[in-house]
Amino acid sequence: MTAPPAALVLPDEDTLFRILRQLDLAPDASQRATAEALGISLGRLNSHLKSLGEAGLVRVSDRSGPDRRKRFAYALTSRGAAEKNRLTDSFLARKFAEYDALHAELTGTTSSLVPLKHRTELMQNNLAPIPELYVSYDSAQKLKVEAAQLTSWDLTPRQICDLELLMNGGFNPLKGFLSEADYNGVVENMRTADGTLWPMPITLDVSQDFADKVELGQDIALRDQEGVILGTMTVTDKWVPNKAREAEMVFGADDEAHPAVYYLHHRAGPVYLGGPVTGIQQPVHYDFRARRDTPNELRAYFRKVGWRKVVAFQTRNPLHRAHQELTFRAAKESQANLLIHPVVGMTKPGDVDHFTRVRCYEAVLDKYPAATTTMSLLPLAMRMAGPREAVWHGLIRKNHGVTHFIVGRDHAGPGKNSQGEDFYGPYDAQDLFKEHEAEMGIEMVPFKHMVYVQERAQYEPNDEIMDKDTVTILNISGTELRRRLAEGLEIPEWFSFPEVVAELRKTKPPRSQQGFTVFFTGFSGSGKSTIANALMVKLMEMGGRPVTLLDGDIVRKNLSSELGFSKEHRDLNIRRIGYVASEITKNGGIAICAPIAPYAATRRAVREEIEQYGAFCEVHVATSIEECERRDRKGLYKLAREGKIKEFTGISDPYDVPTNPELSLDTENVDVDNCAHQVLLKLESMGLIGAS
Ligand code: PPS
């Protein structure tokens with residue numbers, strides 16, 4: 001926050017706090033009413049308002065009307081709102097200190113009291129409300145109007161998730177996107193600059209263009225993807241982060257096989273902005289509204305139903321019987337009520353979508369003893385950061401009024417690294433959590449690996465089974481479950497509840513009934529279009545699903561007619577193709593794409609987008625550049641050699657050869673029909689076509 005000019009005399013902190021609070025609660029009130037509410041004279045209020053206006057904390061506006069005494073309206077600026085939040089914290093800290101002193105005076109003991117600097121956090125048990133960053137409804141209406149004039153940043157889906165949890169206190173004690181000093185502390189040693197434990201960088205990454213437009217001290221509006229203003233931020237910091245270092249320290253390796261590292265390098269903007277946030281309104285959700293709770297709503301619920309101890313279960317997967325048994329046991333062992341707290345913001349690419357999952361969770365809720373368990377949805381964007389993520393999850397749950405947290409084997413694990421090894425040890429998350437448990441103020445309930453014992457027809461913790469040699473232990477891995485779903489095979493009742501299986505089958509019919517995309521890539525003239533056409537005809541002959549061909553030339557005529565061949569335009573072209581293909585795939589059709597698509601990163605982004613809905617089969621049409629040039633069907637290579645066509649792929653522009661395509665075709669020794677047939681065989685082996 002920028003300091004007010006030196007000449008300004010602001011009221012003392014107490015008066016300032018009371019004025020800002022009053023203006024937040026009743027921004028439209030007359031000056032007389034405000035002075036009365038504060039118990040000060042009109043003259044004093046006037047002079048305070050003048051200096052607050054000059055300091056940029058309050059906005060004065062003229063309003064027309066006959067009554068001269070009501071001529072001016074006063075409202076908080078976003079800076080004023082941020083200042084009010086800061087003063088609220090220091091006010092609370094002081095009150096806690098007074099409580100301390102009173103406690104000592106009345107009881108003569110101070111032994112159970114914690115050091116003052118931790119007072120505000122630790123005094124907040126799971127029942128008391130926690131601070132939010134929102135202004136009052138009336139102030140929000142005013143700020144919204146003011147913010148319409150500000151430079152705006154359109155938040156990415158991940159930033160919307162982060163902002164929601166910043167504003168509603170889910171990321172308490174953070175007051176905004178991290179400043180540079182806080183970011184450095186968090187990256188290097190999991191602590192903000194003042195020493196507060198916080199393991200995950202919550203940063204506002206922006207484009208270079210946007211960063212160039214913003215000055216330090218400036219307020220910016222934060223908008224969702226429809227342009228709705230959710231909050232404002234006073235930019236106190238702007239810097240170019242060392243992303244490789246962030247990846248090493250936060251995710252354990254600068255390895256793009258880690259989804260968050262990939263995101264960091266390919267999705268996140270190059271510049272970070274930091275500063276305090278003022279909340280105007282929460283992001284709008286139209287789905288499962290009754291199942292979404294802010295931290296304070298959950299705390300209020302726990303107060304209402306009298307839950308003192310609550311154990312939370314974090315999940316990004318459907319719940320099967322093993323999970324139900326495990327969570328039930330965890331609640332019993334810690335003598336706590338159970339909160340199923342699934343993530344519905346962003347999870348790992350390829351996960352079951354949250355709509356399906358929530359319907360599955362609802363089916364499982366009935367399996368718990370009545371009134372012991374509840375479910376609430378958490379709009380978190382996960383980073384899959386294993387140990388650090390577990391600590392982060394714990395702090396977030398603590399903010400939601402939870403006292404115990406289940407941490408399992410490989411909590412928030414991202415899968416294998418580029419060497420095919422696990423990023424983290426299976427119990428690293430539990431170890432790191434344990435190390436910080438006392439400071440976090442939330443207790444870990446370590447996950448027991450539950451397996452099904454056939455003879456006893458029940459789930460038992462694996463490490464408690466003494467007669468392993470004589471009983472039959474059954475388990476179905478996640479991979480095996482996906483295989484059974486994909487192939488339409490039986491899923492036994494001991495493994496999952498029939499209602500859950502039915503939901504999963506609805507969204508994930510067997511692969512042979514799902515949509516998919518075949519994505520050809522290769523040089524111009526490599527034979528992509530010809531093979532794609534042959535494949536389309538063969539698939540149409542089989543019938544069953546609609547087939548659409550998105551050929552390079554056709555797309556450039558219809559979808560991308562204004563684009564050229566710069567890297568930026570090619571990427572845009574491929575992303576458009578990817579978008580259309582993902583929609584076709586989602587709706588159960590077959591999309592065949594045949595652009596050059598020279599950049600590996602863009603192909604990967606398209607793959608990720610499509611794999612949310614169905615299979616992606618990348619086919620490299622591996623005709624060499626020499627052969628393409630020799631064929632030169634369209635005469636373009638000749639023109640490219642003569643310099644008449646610029647940026648020509650393979651001649652004067654790069655092509656990243658696919659390193660791991662589903663199929664690579666040699667067109668120099670094999671005819672078109674056979675190439676198309678090879679693709680069909682590949683699709684069959686992927687389970688995408690076949691008897692159905
Ligand atoms: S990209 O890179 O994927 O966006 O390209 P794409 O849309 O597939 O290109 C389609 C056709 O454009 C012709 N063409 C060029 N290709 C490469 N480089 C340059 N500079 C260029 N200029 C025009 C070329 O005929 C491509 O056709 P195909 O179907 O690949 O033979």
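Mentor: Let's fix one term up front. A polar contact is a pair of N or O atoms within 3.5 Å. Within protein, one must be able to donate a hydrogen and the other to accept it, and residues adjacent in sequence count only if both atoms are side-chain atoms.
Mentor: This is a predicted model, where local features need pLDDT of at least 70 and side-chain atom pairs count only at pLDDT 80 or more, while totals for chains, interfaces and linings use all residues. Residues are numbered from 1 along each chain as its sequence is written, and side-chain values use heavy atoms, with hydrogens and water left out.

Trainee: Okay. How many residues surround the ligand?
Mentor: The count is 21, with near meaning that a residue has a heavy atom within 4 Å. The closest are R556, R570, I596, A597 and E647.

Trainee: What distance separates the polar side-chain atom of R570 from the ligand oxygen?
Mentor: That distance is 2.7 Å. The side chain of K528 also puts an N or O atom 2.8 Å from a ligand oxygen.

Trainee: And I596, backbone or side chain?
Mentor: Backbone: a polar backbone atom of I596 is 2.8 Å from an oxygen of the ligand. The protein buries 93% of the 630 Å² that the ligand exposes when taken alone. Those areas come from the Shrake-Rupley method with a 1.4 Å probe; for residues, only the protein chains shown count as cover.

Trainee: How does the shell divide into nonpolar, polar and charged?
Mentor: The split is 9 nonpolar, 5 polar and 7 charged. Nonpolar covers Ala, Val, Leu, Ile, Met, Phe, Trp, Tyr, Cys and Pro; charged covers Asp, Glu, Lys and Arg; the others, Gly among them, are polar.

Trainee: Which helices each supply at least two shell residues?
Mentor: α20 (552-558) and α21 (567-586) do. Helices (H or I, at least four residues) and strands (E, at least two) are DSSP runs, numbered from the N terminus.

Trainee: New topic. At what angle do α14 and α18 pack?
Mentor: About 165 degrees, with the axes of α14 (354-365) and α18 (498-507) 9 Å apart. That makes α14 roughly antiparallel to α18. Axes are lines fitted to C-alpha atoms, for helices over the stretch in contact, and angles run from 0 to 180 degrees between N-to-C directions. Under 35 degrees is roughly parallel, over 145 roughly antiparallel, 65 to 115 roughly perpendicular, and the rest oblique.

Trainee: Which peptide bond is cis?
Mentor: The bond joining N172 and P173 is cis, with omega about 10 degrees. P173 sits in the loop between α7 (157-167) and β4 (176-177).
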